[in-house]
Amino acid sequence: MRIGQGRDLHRLEEGRRLILGGIEIPFTKGCVAHSDGDVLVHAVIDAIFGAAALGDIGSHFPDTDPAYRGADSMDLLAKAVRLLNAEGYRLVNVDSTVTLEKPKLRAFIEPIRISLARVLRIEPGSVSVKAKTNEGLDAAGRGEAVEAQAVVLIKKHRNR
Ligand code: MG
């Protein structure tokens, strides 16, 4: 067994789409990013790569590469899982936290868990997504950014 952690932060701007875990959240602001700006998925991808010591999201999907402009982060997540499986590991569970002042994410937590579980190819019961505010403090608290943290556990099921 091995663990990995990941974190990401994106600036929020008016008129952009806000996508978390592959689910579009209705809001006036969204993420400024090269890809679709799915900060939660980016944190999970980094946790997966971290657990297997396979580098990071930037080394696999560089934001200088036009191929990833507007990329669907769920496609990148699927690729990360395939790379993990190719190393002989399977994913055991994911725990994550999204820090966002507004809007409230409560109603979206279940759809996000199901969405992530489908691409991670594990049960929704093995995918935890928690939402917090920052009590009005720092960039996330002022509504200028959204942040996500994730940890994953992986298990070796065969040698490469
Ligand atoms: Mg990112």
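1. The lining of the second largest pocket divides into 5 nonpolar, 1 polar and 4 charged residues. This is a predicted model. The volume of this pocket is about 160 Å³. Its lining consists of Leu100, Glu101, Pro103, Lys104, Leu105, Arg106, Ile109, Ala131, Lys132 and Thr133.

2. One lining residue of that pocket, Pro103, deserves a closer look. Proline 103 sits in the loop between S5 and H4. The peptide bond leading into it from lysine 102 is cis, with omega near -5°. Most residues other than glycine have a negative phi, and most peptide bonds are trans. Check this bond in the viewer.

3. Two residues have backbone angles to look at. Arginine 121 is not a glycine, yet its phi is positive, near 60°. Arginine 121 is placed in the loop between H4 and S6. It counts as exposed because its relative accessibility is 64%, and the cut-off for exposed is over 50%. Glutamate 135 also has a positive phi, about 55°, without being a glycine. Its place is the loop between S6 and helix H5 (138–141). At 70% relative accessibility, glutamate 135 is therefore exposed as well.

4. Now the metal. The magnesium ion has three named protein donors: Asp8 through OD, His10 through NE2 and His42 through ND1. They lie 2.0 to 2.2 Å from the ion. Along the chain, the donor spacing reads D-x1-H-x31-H. Aspartate 8 belongs to strand S1 and histidine 42 to helix H1, so this pair ties together parts 34 residues apart in sequence. Aspartate 8 and histidine 42 are both buried.

5. The largest pocket holds about 300 Å³ of space. It has 16 lining residues, and those closest to its centre are His10, His42, Ile57, Phe61 and Asp63. His10 and His42 are also magnesium donors. Strand S1 (2–14), helix H1 (39–51) and helix H2 (57–60) each contribute at least two lining residues. By class, the lining has 7 nonpolar, 5 polar and 4 charged residues.

6. Aspartate 46 is another residue of helix H1. Its relative accessibility is 18%, so it counts as buried; the cut-off is under 20%. Aspartate 46 touches Gln5, Gly6, Arg7, Asp56 and Ile57, leaving aside neighbours within four places in sequence. Aspartate 56 is 10 residues away from aspartate 46 in sequence, with 5.4 Å between their C-alpha atoms.

7. Last, the core. In soluble globular proteins, nonpolar side chains tend to be buried together. Here the largest nonpolar core has 46 residues, and Leu20, Ile48, Leu77, Leu116 and Leu120 touch the most other members. Elements giving two or more residues to this core are strand S2 (18–20), H1, helix H3 (73–86), strand S5 (89–99), helix H4 (109–120), strand S6 (127–132) and strand S7 (145–156). H1 gives the most, with 10 residues.

8. Which residues does leucine 77 touch, not counting those up to four places away in sequence? They are Val41, Val44, Ile45, Ile48, Leu116, Val119 and Leu120. Of these, Ile48, Leu116 and Leu120 are named, with Leu77, among the core residues that touch the most other members.

Note on methods
Residues numbered from 1 in each chain as written. Predicted model: local features only at pLDDT ≥ 70, side-chain atom pairs only at ≥ 80, totals over all residues. Heavy atoms only, no water. 1 Å grid on protein atoms, 1.4 Å probe; cavity = no way out; pocket = protein on both sides within 12 Å on 5 of 7 lines; lining within 4 Å. Points joined across faces, edges and corners; volume = space filled by probe spheres on them. Helix = DSSP H or I, 4+ residues; strand = E, 2+ residues; numbered from the N terminus. Nonpolar A, V, L, I, M, F, W, Y, C, P; charged D, E, K, R; others polar. Core = buried A, V, L, I, M, F, W, Y, C linked by side-chain atoms within 4.5 Å. Buried < 20%, exposed > 50% of the residue type's maximum accessible area, 1.4 Å probe, protein only. Contact = heavy atoms within 4.5 Å. Donors = N, O, S within 2.8 Å, 3.2 Å for Na, K, Ca; no water.
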